[in-house]
Amino acid sequence: MQVSDLAFRFKLLFLGFLSPIFLCLGLLLSSPYWLGTNDPYQKSDVAVLEITDVLPNRKQLKAITNLYSKSDFKKLILVSKEDKSQNQLIGPFEIDQKVKEFLISNGIPNSQIMTLVIPVSKMGDTDEASKNLLKLAVSDNLGSILLLTREFEKRRVLNIYKKTLTSLPVKVTAYSFPSEISGSNWFLSESGMKEVSVEFVRYIYSYTRGIL
């Protein structure tokens with residue numbers, strides 16, 4: 001085999017197989033840059049917490065009560081999903097009740113907490129939640145909304161709500177819970193790898209579907 005033919009085959013291998021792998025790896029390694037945002041949050045009429053997937057931990061719930069004690073929001077909206085599954089030991093209703101119990105016991109009055117139940121959507125829970133909140137913002141004449149998110153989902157969630165509520169004069173900002181996972185150590189633990197990689201896939205999906 002001639003040297004030129006061998007070089008051509010290596011070139012095809014690199015361009016056709018290895019380069020997409022390196023591209024995907026590069027995007028994954030730089031994903032904290034694409035997912036993170038340092039936009040500050042502002043005091044708002046209501047705060048919104050999605051509890052559609054997992055039960056928030058005590059540290060996150062404690063952060064919410066601290067925000068309320070500082071009057072950073074007046075009312076809390078818990079976004080929960082319709083309970084249609086019979087396979088979960090702890091369903092959306094149980095998660096909603098546990099979250100409320102903790103928040104009430106730590107200083108947020110029951111009258112200042114409401115639950116917004118959303119149906120299952122192919123476009124994602126955040127997109128469905130933002131559309132339901134649009135109706136609530138109109139009926140309650142909301143002027144500002146504070147989104148309560150994890151660190152690496154902040155940009156995606158914030159942009160989805162902003163896009164949905166763009167027709168209304170509503171100021172939307174986001175607060176991210178303090179986390180031990182950062183852009184410099186996320187790849188050192190299984191939980192960090194899972195959180196960042198799953199959120200990166202969600203971000204790409206939302207972008208390609210036109211949700212963002």
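I started with the lining of the largest cavity and sorted it by class: five nonpolar, one polar and two charged residues. A reminder to myself before going on: this is a predicted model.

**Cavity**

How many cavities of 30 Å³ or more are there? I count one. I noted a volume of about 50 Å³ for the largest cavity. Then I listed its lining residues, which are V48, E50, L147, L148, T149, E153, V157 and Y161. I also asked which elements give two or more residues to this lining, and found β1 (44-50), β4 and α6 (154-164). Strand β4 has the largest share, with three residues.

**E153 and its partners**

One name from the lining, E153, came back when I turned to salt bridges. E153 pairs with R150, and I read 3.6 Å between the closest N and O atoms. Buried or exposed, I wondered about E153? E153 is buried, because its relative accessible area is 14% and the cut-off for buried is under 20%. R150 has a relative accessible area of 31%, so I wrote it down as partly exposed. I followed the contacts further and found a network of salt bridges that links R150, E153, R156 and E199.

**Other salt bridges**

A general thought for the margin: side chains of opposite charge can pair when their charged atoms come close. My tally for the structure is eight salt bridges. I looked at two further pairs in detail.

In the first pair, the side chains of D125 and K81 meet at 3.3 Å, N to O. D125 sits in helix α5 and K81 in strand β2, so this salt bridge ties together parts that are 44 residues apart in sequence. I checked the cover on D125 as well: its relative accessibility is 13%, so it counts as buried.

In the second pair, D96 forms a salt bridge with K100, and their closest N and O atoms are 3.6 Å apart. Where do these two lie? I found both in helix α4 (residues 92-105), four residues apart, about one turn of the helix. I marked both D96 and K100 as buried.

**Positive phi outside glycine**

Next I went through the backbone angles. S71 has a positive phi, near 60 degrees, and is a residue other than glycine. I placed S71 in the loop between α3 (58-69) and β2 (73-81). The relative accessibility of S71 is 49%, so I put it under partly exposed; the exposed class begins over 50%.

N141 is not a glycine either, and I read a positive phi of about 55 degrees for it. This residue belongs to the loop between α5 (125-140) and β4 (144-149). Is N141 buried or exposed? With 65% relative accessibility, N141 counts as exposed.

**Surface patch**

Last, I looked at the outside. Which residues make the nonpolar surface patch of about 310 Å²? They are F187, L188 and M193. I traced M193 to helix α7 (residues 190-208). M193 counts as partly exposed, because its relative accessible area is 34%; residues in such a patch need over 30%.

**To keep in mind**

Two threads I would follow again on screen: E153, which lines the largest cavity and belongs to the salt-bridge network with R150, R156 and E199, and the D125 to K81 salt bridge, which joins helix α5 to strand β2.

Methods
Residues are numbered from 1 along each chain as its sequence is written. This is a predicted model: local features need pLDDT of at least 70, side-chain atom pairs count only at pLDDT 80 or more; totals for chains, interfaces and linings use all residues. Side-chain values use heavy atoms; hydrogens and water are left out. Patches are made of residues with over 30% relative accessible area and no salt bridge: like charges are joined within 9 Å, nonpolar side chains (Val, Leu, Ile, Met, Phe, Trp, Tyr) within 5 Å. Accessible areas come from the Shrake-Rupley method with a 1.4 Å probe; for residues, only the protein chains shown count as cover. A salt bridge is a side-chain nitrogen of Lys or Arg within 4 Å of a carboxyl oxygen of Asp or Glu. Buried means under 20% relative accessible area, exposed over 50%, partly exposed in between (1.4 Å probe, protein chains only). On a 1 Å grid over the protein atoms alone, a cavity is a set of points where a 1.4 Å probe fits but cannot get out, and a pocket is an open set with protein on both sides within 12 Å along at least five of seven lines; lining residues have an atom within 4 Å of a point. Grid points are joined across faces, edges and corners, and a volume is the space filled by probe spheres set on the points. Ala, Val, Leu, Ile, Met, Phe, Trp, Tyr, Cys and Pro count as nonpolar, Asp, Glu, Lys and Arg as charged, and the others, Gly among them, as polar.
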